[in-house]
Amino acid sequence: MIRLTAKYLFWLKCLFHLLALLPLGYLLWQVLTDNAGGDPVQYIIHYTGMGALNALVATLLVSPLAKGFKLGLLMQTRRLLGLYVFAYASLHILAFFSLDLLFAWSLLLQEVVKRPYILVGASAYLIVLALALTSFNRVKRKMGRRWQQLHYGVYLVALLAPIHFYWSVKSEIIEPSLYLLGLGGLLLWRMPFAKWLQRLRSKSLIARLN
């Protein structure tokens, strides 16, 4: 059985930082070397959006992996990964608002009306923003039970984010469909039925061993 100690947890966090920051370095390199495709603005917007989605998937995978492999300390990486969801989502929105709309607030309102997927994405971002602002231990202690209730909002983000992605594409729907299925599966795994199924399998395995 794998054992995760505090020493290895430090290096695991370093690895997560590296894996999260390297794509940003790659994005910068692509832009500076004129390899960001025919429309660099859309390339940056899409790239940062995918970064937020991937960080969200990684965040939601922590809990089942920690429970499945009995790695309790792994749970301490969720805040780190969650903050990278916020970082990439912030870059995604900043790229859209600055590079595409050129900071025009009136255009932003028009886009929200014309394109509902922007409203869905903005709703997901507001939840992520709230989760990031309340992710610190001091705030957690002050909020008490309300903190956990608020942070269940990550499951709503797991629905809104892939829907935003799905609605935003015009033709290629395979990739957003995979994210919808994957994140949907992670959410189903947390439902009471999934927990009951796990207990049933455990009892069946114990019965066979006996």
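**Entry 1: the charged residues of α4**

I began with K114 and E111, which sit three residues apart in helix α4 and are therefore separated by about one helical turn. I note at the outset that I am working from a predicted model. The general rule I kept in mind is that an α-helix has 3.6 residues a turn, so residues three or four places apart point the same way. When I looked at the two side chains, I found that K114 and E111 meet in a salt bridge, with N to O at 3.5 Å.

I then checked how far each partner is covered. K114 has a relative accessible area of 57% and is therefore exposed, whereas E111, with a relative accessible area of 10%, is buried because it falls under the 20% cut-off. Next I followed E111 to R115 and found a salt bridge there too, the closest N and O atoms lying 3.1 Å apart. R115 comes out at 34% relative accessibility, so I entered it as partly exposed. Salt bridges that share partners join E111, K114 and R115 into one network, and the count of salt bridges comes to two.

**Entry 2: helix α5**

I turned to helix α5 (residues 116–133) and compared its expected span with the model: at 1.5 Å a residue its 18 residues should span 26 Å, and the end C-alpha atoms are 26 Å apart, which agrees. I listed the buried residues of α5 as Y117, I118, V120, G121, A124, Y125, I127, V128, L131 and A132. To see what covers them, I looked up their packing partners, and found the buried residues of α5 against α3 (78–100), α4 (105–114), α7 (145–151) and α8 (153–168). Thus α4, the helix that holds K114 and E111, is also among the elements against which the buried residues of α5 pack.

**Entry 3: S63**

I looked up S63 next and placed it in helix α2, which runs over residues 40–68. Its relative accessibility is 11%, so I recorded S63 as buried. Which residues is S63 in contact with, once its neighbours within four places in sequence are left aside? I found M75, R78 and R190.

**Entry 4: a nonpolar patch on the surface**

Last, I examined the surface for nonpolar side chains and noted a patch of about 380 Å², made by L15, L18, L19 and L22. I traced one of these residues, L22, to helix α1, which covers residues 6–32.

Key: Residues are numbered from 1 along each chain as its sequence is written. This is a predicted model: local features need pLDDT of at least 70, side-chain atom pairs count only at pLDDT 80 or more; totals for chains, interfaces and linings use all residues. Side-chain values use heavy atoms; hydrogens and water are left out. Helices (H or I, at least four residues) and strands (E, at least two) are DSSP runs, numbered from the N terminus. Buried means under 20% relative accessible area, exposed over 50%, partly exposed in between (1.4 Å probe, protein chains only). Contact means heavy atoms within 4.5 Å. The expected span of a helix is 1.5 Å times one less than its number of residues. Patches are made of residues with over 30% relative accessible area and no salt bridge: like charges are joined within 9 Å, nonpolar side chains (Val, Leu, Ile, Met, Phe, Trp, Tyr) within 5 Å. Accessible areas come from the Shrake-Rupley method with a 1.4 Å probe; for residues, only the protein chains shown count as cover. A salt bridge is a side-chain nitrogen of Lys or Arg within 4 Å of a carboxyl oxygen of Asp or Glu.
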